[in-house]
Amino acid sequence: MEPIYSGVINFARGVFAVQGLKFERTGSENIPRTGGAVIAMNHIGYFDFSYAGYSARDVGRLVRFMAKKDVFDHKVSGPLMRGMKHIPVDRAAGAGAYRAAVDALRAGELIGVFPETTISRSFELREFKSGAVRMAQEAGVPVIPLIIWGSQRVWTKGLPRQMRRPKVPIRLDAGAPIDIAPDADVDAETAALRARMETMLHAVQDSYQPMTGDDLKYLPARLGGTAPTLEEANALDEKEAQERRREEP
């Protein structure tokens with residue numbers, strides 16, 4: 001029993017019900033009922049981590065997410081994150097978070113990872129970092145690809161929040177486990193994981209309810225939406241990163 005995690009889940013479910021969110025899940029049976037696994041997710045909205053936990057809950061599991069250290073430093077979210085045994089990531093010194101994640105995987109935990117590391121403004125997959133594959137390989141556990149779609153319509157980077165009654169479908173699709181051999185090439189496996197998740201993402205996008213009018217801002221340019229292309233989104237991210245570096249003391 002984990003009273004803090006259970007309490008947060010129950011509170012969140014109440015909020016989602018008031019918001020009128022409609023969760024549609026497929027492939028939850030691919031998440032192992034016991035033992036460790038890396039849950040590799042695409043990242044399109046600020047609440048992805050809270051929605052993605054639904055798929056694990058379907059099989060009676062909890063996910064420990066790797067999240068920015070800033071969230072743990074907050075006086076409200078910090079105690080909750082620590083109580084739920086999530087893993088803080090200090091981007092200036094990530095070795096400690098990596099080690100903690102591998103240890104948790106070996107202890108039988110599900111570890112949630114965003115290989116893109118940040119939200120994709122284009123709603124297409126950004127380039128993947130290799131951490132998800134590396135930690136799965138070292139811990140001897142599978143990678144479970146998990147696609148989320150629709151969460152960008154609630155709150156995403158660079159667009160207004162729709163928190164009151166968005167009443168939108170949130171789609172979650174978990175793919176079959178991917179085993180990483182001890183001698184596998186990490187870069188090749190990371191590229192293969194991204195390709196697999198891109199195929200899954202396109203399938204979910206194609207089967208999602210049509211978006212029209214003002215909702216076109218949540219749709220990739222590839223599908224006729226007004227979201228920036230991947231190249232344009234990358235340029236915006238780089239511009240923001242440069243501005244942050246200039247503001248640092």
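Which residues of α6 are buried? They are G131, A132, V133, M135, A136, Q137 and A139. Keep in mind that you're looking at a predicted model. Let's start with the whole protein, then zoom in on two helices and a few salt bridges.

**The whole protein**

- The secondary structure adds up to eight helices and seven strands.
- If you boxed in the C-alpha atoms along the principal axes, you'd need roughly 50 × 40 × 40 Å.
- A compact globule of 249 residues would have a radius of gyration near 18 Å, and the protein's value of 18 Å agrees with that.
- Buried residues account for 48% of the 249 residues.
- About 12500 Å² of the protein is exposed, and 54% of that comes from carbon and sulfur atoms.
- Now take the contacts between residues at least 6 apart in sequence: 76% of them join residues at least 24 apart.

**Helix α6, the enclosed one**

- Helix α6 covers residues 131-139, and seven of its nine residues are buried, so the rest of the structure largely encloses this helix.
- What do those buried residues pack against? Their neighbours include the strands β2 (37-41), β3 (63-68), β5 (110-113) and β6 (143-149).
- Two helices also pack against the buried residues of α6: α5 (95-106) and α7 (186-207).
- Right after α6 comes G140, which has a positive phi, near 70°.

**Helix α8, with two sides**

- Helix α8 runs over residues 230-247, which makes 18 residues. At 1.5 Å a residue it should span 26 Å, and its end C-alpha atoms are indeed 26 Å apart, so the two agree.
- The buried residues here are A233, D237 and A241. Look down the axis of α8 and you'll find them within an arc of 75°, so they line one face of the helix.
- Flip to the other side of α8 and you meet E231, K239 and R246, which are exposed.

**Salt bridges**

- How many salt bridges does the structure hold? There are 17.
- One of them pairs R64 with E2, with the closest N and O atoms 2.5 Å apart. This pair ties together distant parts of the chain, since R64 sits in strand β3 while E2 lies in the segment before α1 (3-19), 62 residues away. Both partners are buried.
- Another joins the side chains of E138 and R99, at 2.7 Å from N to O. Here the link is between two helices, with E138 in α6 and R99 in α5, 39 residues apart.
- Are E138 and R99 buried or partly exposed? E138 has a relative accessible area of 33%, which is between the cut-offs of 20% for buried and 50% for exposed, so it counts as partly exposed. R99 is partly exposed too, at 33%.
- D237, which we met on the buried face of α8, forms a salt bridge with R126 (2.7 Å, N to O). R126 belongs to the loop between β5 and α6, and the two residues are 111 apart in the chain.
- D237 counts as buried because its relative accessibility is 12%, under the 20% cut-off. R126 counts as buried as well, at 17%.
- That pair is part of a wider network: salt bridges with shared partners connect R121, R126, K157, D237, E240 and R244.

Definitions and conventions:
Residues are numbered from 1 along each chain as its sequence is written. This is a predicted model: local features need pLDDT of at least 70, side-chain atom pairs count only at pLDDT 80 or more; totals for chains, interfaces and linings use all residues. Side-chain values use heavy atoms; hydrogens and water are left out. Helices (H or I, at least four residues) and strands (E, at least two) are DSSP runs, numbered from the N terminus. The expected span of a helix is 1.5 Å times one less than its number of residues. Buried means under 20% relative accessible area, exposed over 50%, partly exposed in between (1.4 Å probe, protein chains only). The arc is that of the directions from the helix axis to the C-beta atoms. The radius of gyration is taken over C-alpha atoms; the globule rule is 2.2 Å times the number of residues to the power 0.38. Contact means heavy atoms within 4.5 Å. Accessible areas come from the Shrake-Rupley method with a 1.4 Å probe; for residues, only the protein chains shown count as cover. A salt bridge is a side-chain nitrogen of Lys or Arg within 4 Å of a carboxyl oxygen of Asp or Glu.
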